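Q: Please take a close look at the protein surface around one of the DNA strands, DNA strand C, and describe which residues and elements form it.

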There are 2 protein chains.
Amino acid sequence: MSIDLHKHREIQQKLAAQEPLDPRVEKLVNEVIARVADKWTMIILDVLAEHGELRFTQLGRLVPGISQKMLTQTLREMEREGLVVRTVHPVVPPKVEYRLTDLGLSLGAAFCGVWIWAEQNLEKIERARAAFDQRTKPEDQSMSRSV
Amino acid sequence: MSIDLHKHREIQQKLAAQEPLDPRVEKLVNEVIARVADKWTMIILDVLAEHGELRFTQLGRLVPGISQKMLTQTLREMEREGLVVRTVHPVVPPKVEYRLTDLGLSLGAAFCGVWIWAEQNLEKIERARAAFDQRTKPEDQSMSRSV
DNA sequence: ACCGACACTTACCACACGGTGAGTATAGAA
DNA sequence: TTCTATACTCACCGTGTGGTAAGTGTCGGT
């Protein structure tokens with residue numbers, strides 16, 4: 001549930017030292033990050049963490065920009081990873097409910113570290129970006145630098 | 001540097017409760033995740049955390065699959081976010097060194113939570129995936145699926 | 001008989017991402 | 001003179017990702 005500080009230190013040391021982590025772990029982490037980092041997964045995780053159990057259309061309404069296709073797709077992937085459970089009620093107008101598993105909840109908790117980091121370093125990042133743009137942009141060229 | 005457990009709890013509570021986080025933070029988090037989650041950023045962060053200061057080609061060698069284009073691009077983005085510093089030595093064969101900033105280091109530390117999570121839940125995820133594939137794959141010739 | 005609700009699935013399409021390979025600049029080595 | 005090393009930039013191109021819109025199936029309401 002909560003971050004284990006011993007583990008934390010240990011891995012920090014591994015990062016600081018040359019000790020490579022288990023390659024399986026590294027691969028998994030990359031996969032997890034890739035999965036979680038897409039446009040919708042974190043938002044859905046967030047909404048689900050906030051609202052508990054939700055139906056497909058409710059979820060769609062709570063994640064404004066999303067298309068049905070992406071909602072289904074993301075939810076499927078999250079289900080596959082064991083982050084959400086999908087409960088089908090075989091009733092006349094279909095009723096499907098989605099809810100985070102313990103795993104999903106714990107992923108949310110694990111990401112707290114990143115949230116905290118972002119929260120604490122928001123200003124720093126914005127300053128870094130501004131400074132970078134400052135020292136990069138002054139060339140009056142129309143370089144297409146899309147975000 | 002290390003994760004603040006008070007903050008951690010606080011945010012967990014916010015996640016559990018309905019309290020939304022500062023939208024700026026949420027936006028930033030999504031951006032950070034999106035940035036960090038690309039194919040190369042985390043790997044570079046990792047390599048840099050392990051080796052300290054590195055030159056362009058050294059980095060390229062330590063991140064086997066990467067193309068020059070992607071290395072440059074990723075490095076630039078990381079520089080913009082203030083995660084790395086780029087030091088140019090105006091010598092005859094160009095010499096440029098890259099090194100993590102405190103911010104970059106702290107991001108690595110923040111991601112420890114996710115690493116730990118992945119490490120601790122590796123089996124669970126693989127089992128979830130296997131189970132999901134199991135119950136999804138058995139599609140034989142018949143198109144009708146009996147749930 | 002027709003419509004709408006729900007939870008999807010499918011076809012199509014545009015754009016962005018990432019790879020490849022070439023080009024650029026400089027100076028010392030061969 | 002040509003080659004090599006370094007740290008890039010640029011043009012081109014194929015794939016993949018995500019959006020739009022329409023279709024599917026069932027049943028209850030009108």
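A: The following account goes through the surroundings of that strand.

This is a predicted model, in which local features need pLDDT of at least 70 and side-chain atom pairs count only at pLDDT 80 or more, while totals for chains, interfaces and linings use all residues. Residues are numbered from 1 along each chain as its sequence is written, chains are lettered from A and ligands numbered from 1 in the order in which they are written, and side-chain values use heavy atoms, with hydrogens and water left out.

Around DNA strand C there are 19 residues, of which A:Thr57, A:Gln68, A:Arg86, B:Lys69 and B:Val92 come nearest; a residue counts as near if one of its heavy atoms lies within 4 Å of the strand. Of the strand's atoms that come within 4 Å of the protein, 67% belong to sugar and phosphate.

Among the polar contacts (pairs of N or O atoms within 3.5 Å), a polar side-chain atom of A:Arg55 lies 2.9 Å from a phosphate oxygen of DNA strand C, and a backbone N or O atom of A:Val96 lies 3.3 Å from a phosphate oxygen. For B:Lys69, by contrast, the partner of the polar side-chain atom is a base oxygen, at 2.2 Å.

In terms of DSSP runs (helices, H or I, of at least four residues; strands, E, of at least two), helix H4 (56-62), helix H5 (68-80) and strand S3 (95-100) of chain A, together with helix H5 (68-80) of chain B, each supply at least two residues of this surface, and the largest share, 4 residues, comes from H5 of chain A. By class, the surface has 7 nonpolar, 4 polar and 8 charged residues, where Asp, Glu, Lys and Arg count as charged, Ala, Val, Leu, Ile, Met, Phe, Trp, Tyr, Cys and Pro as nonpolar, and the others, Gly among them, as polar.

Notes
A polar contact is a pair of N or O atoms within 3.5 Å; within protein, one must be able to donate a hydrogen and the other to accept it, and residues adjacent in sequence count only if both atoms are side-chain atoms.
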